[in-house]
Amino acid sequence: MIERLHIRNYAIIEELTIDFSKGLTIITGETGAGKSILLGALGLVMGRRADIKSLYNLDSKCTIEGFFNVEAYDLRSFFDEHDLDFDPQVVIRREITPSGKSRAFVNDTPVTLNVLQDLSSTLIDLHQQFDNLDIHKVSFQLRLLDALAENRPLLAQYQSLFSAYQQDQKQLKTLIARQQQSAKELEFLQFQLEEFNTAELVDGEQEELEEELSRLTNAEDIKRTLAASFQQLSESEVSVIGQMEELTQAIKSVSSFDRRIEGLYGRFSGLVEELRDVAQEFESIADETEHDPERTQEVQERLDMVYRLQNKHQVASIKELLDIQADLQQQLDDIGDLSQEIERLQQSTQEQRQQLETMAEELSTRRHSVVGGFENKVEQMLAQLSMQHAKLKVDISRTEDLELTGFDEVNFLFAANKGGRLQLIKDVASGGELSRLTLVVKSLVASAIPLPTLIFDEIDTGISGDVALKMGSILRQLSNEHQVVSITHSPQIASKANAHYFVYKKDKEDRTVTEVRPLEMEGRVYAIATMLSQDPPSESAINTAKELLLQSS
């Protein structure tokens, strides 16, 4: 429960402290006095977004501190999980600097807003004037029903399994898509590799083939030219070699007369022998060279295949093609068969779904089991609030598939008047009717949820007189199990307070500020009498206020 709220430099609050009763705390004051500002400050403690415009003095930081007693609530695990020091007296602090920076602390340890929101949501249910809209929401109505059915443990177990089921379903779809894609890739890789395997490429063969093709396509010229060269060098009557041999003999005959000629003779003799060898090689190559159209075509086709692969893969050598072939083979080897993993996940998700359907059936059964009693209690309490003919029907229908909360969809149908047609709450309830319905529903559900503090902002919208008095009684009764704080304009509700605070504006030299003071009996009489009539109140209003307080004591 919240014990104290300390506010400094927020909106038109310079500094104030308000202490809260264990039972029903009522806050009253004139419109615009700053009652909603208190809830705004409390909202900051609960992790709502901060705004530099909230600062009273733009040169100083704003500080909001909430003091909570959590001794009776099992929150130690939350503190351990977030590495926070646990203490039965918890202090939550928000600070807003003039630069707009916001910081949050739990027992002086900095925390994120998400942690602050999680913690405060377990401590306070802040029902503001426009929160009546929550009761319109299907999700809110379902949560109410689950609270009454005590479905929290089962629902938590279901949602944990549902989350795992969704993740496995997502992974299964991904694997199936990958398997399908892999099949396409496998087919393409096998096609490409088949081309390479058929080609049976050998490193270096391109140069050899290109040389052989050149020789084959020029065979006749090679044969004719080398044969003629052999004839001229060796076989004709005036062959070059024959003439050089005659010259060799002549040079030999004079070589003994001059040492220089002897050296030249040796060199010249070597030239003759070299020419003789060359002539013989010319003859040999000419004899070997033949025009072979079949081999020419075979070599040309082999080269065309090499050129085609090089052009296809944008490379210039057989070595690069062989590297591509090796890479394709590696890719093919890396493509694994996902069939076993897919089969495992299909079996797993099927089992998960069966468990989920069983748990969803149990959730649904438990929800249906509390519907009748809930409808009756709502109608009985509405009758106490002068809505004798009001009817509430909880309509539970099934969704097409499993959802996060099972397969139930809940809608509250409502009729305020005798013979009225049951319709969705948003289509039929007026402001006053909605306020009464919201209070009744929350009061019935409050005992089923572990919230220490319930705060109502102007729950009395659209009601007055005896209905407001009965609403006050419900709030007072609710405060027997929960700490209840209510901001109200209703004197009947205000009379039910265990502690009564009055919010007012005070003029200072330079500006107007909001102040809060606790009211003792005399102050309460005056405040309630003023709410009944005017300021100053009439004598009859004072007597009525005293009577209201006497009835509530």
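## Ser386 and Glu150: positive phi in two loops

Ser386 is partly exposed, its relative accessible area being 34%. This is a predicted model, and in it Ser386 sits in the loop between helix H12 (339-384) and strand E9 (391-403). Its backbone is what catches the eye: phi of Ser386 is near 65 degrees, a positive value in a residue other than glycine. For background, most residues other than glycine have a negative phi.

Glu150 is another case, with phi near 55 degrees, again positive in a residue other than glycine. Glu150 belongs to the loop between helix H4 (138-148) and H5. How accessible is Glu150, buried or exposed? With a relative accessible area of 60%, Glu150 is exposed, because the cut-off for that label is over 50%.

## A cis peptide bond

Now for the peptide bonds. As a rule, most of them are trans. Here, though, Asp535 and Pro536 are joined by a cis peptide bond, with omega at about 0 degrees. You can find Pro536 in the loop between helix H17 (521-532) and helix H18 (539-552).

## Two nonpolar cores

The largest nonpolar core takes in 56 residues, and Val378 and Phe414 are the ones with the most contacts inside it. Helix H14 (residues 431-446) supplies the largest share of this core, 8 residues. Apart from it there is another core, made of 46 residues, including Leu5, Leu119, Ile487 and Val503.

## Salt bridges

How many salt bridges are there? The count comes to 25. A few of them are worth a walk-through.

Start with Glu14, which forms a salt bridge with Lys508, the closest N and O atoms being 2.4 Å apart. This pair links distant parts of the chain: Glu14 is in strand E2 (residues 13-19), while Lys508 is in the loop between strand E14 (499-507) and strand E15 (512-518), 494 residues apart. On the accessibility side, Glu14 is partly exposed at 34%, and Lys508 is partly exposed at 37%. Glu15 has a salt bridge too, with Arg8, and there the closest N and O atoms are 3.8 Å apart. Glu15 counts as partly exposed at 40% relative accessibility, and Arg8 gets that label at 31%.

## The network around Lys61

Lys61 and Glu95 meet through their side chains in a salt bridge, 3.4 Å from N to O. Lys61 lies in the loop between helix H1 (35-45) and strand E4 (62-69), and Glu95 lies in strand E5 (residues 89-96), so the pair ties together parts that are 34 residues apart in sequence. What does the accessible area say about the two partners? Lys61 is partly exposed, with 37% relative accessibility, whereas Glu95 is buried, with 6%. Glu95 earns the buried label because its 6% falls under the 20% cut-off.

Which residues are linked with this pair in a network of salt bridges? The network is made up of Lys61, Arg93, Glu95, Arg103 and Asp108.

## A negative patch on the surface

Asp203, Glu207, Glu208, Glu210 and Glu211 together form a negative surface patch. Asp203 is found in the loop between helix H5 (152-199) and helix H6 (205-217). Asp203 is exposed, with 53% as its relative accessible area.

## Helix H10 and some long distances

Two residues of helix H10 give a feel for distances in the model. Arg308 is in helix H10 (residues 293-313) and counts as exposed, at 52% relative accessibility. How far from Leu233 is Arg308 in space? From C-alpha to C-alpha the two are 45 Å apart, with their positions 75 residues apart in sequence.

Asp304 also lies in helix H10. At 37% relative accessibility, Asp304 counts as partly exposed. Asp304 and Ser234 are 70 residues apart in sequence, and their C-alpha atoms are 42 Å apart in space.

Notes. Residues are numbered from 1 along each chain as its sequence is written. This is a predicted model: local features need pLDDT of at least 70, side-chain atom pairs count only at pLDDT 80 or more; totals for chains, interfaces and linings use all residues. Side-chain values use heavy atoms; hydrogens and water are left out. Patches are made of residues with over 30% relative accessible area and no salt bridge: like charges are joined within 9 Å, nonpolar side chains (Val, Leu, Ile, Met, Phe, Trp, Tyr) within 5 Å. Accessible areas come from the Shrake-Rupley method with a 1.4 Å probe; for residues, only the protein chains shown count as cover. A salt bridge is a side-chain nitrogen of Lys or Arg within 4 Å of a carboxyl oxygen of Asp or Glu. Lys and Arg count as positive and Asp and Glu as negative; His and the chain ends are not counted. The place of a charge is taken as NZ of Lys, CZ of Arg, CG of Asp or CD of Glu. Helices (H or I, at least four residues) and strands (E, at least two) are DSSP runs, numbered from the N terminus. Buried means under 20% relative accessible area, exposed over 50%, partly exposed in between (1.4 Å probe, protein chains only). A nonpolar core is a set of buried Ala, Val, Leu, Ile, Met, Phe, Trp, Tyr and Cys residues joined through side-chain atoms within 4.5 Å.
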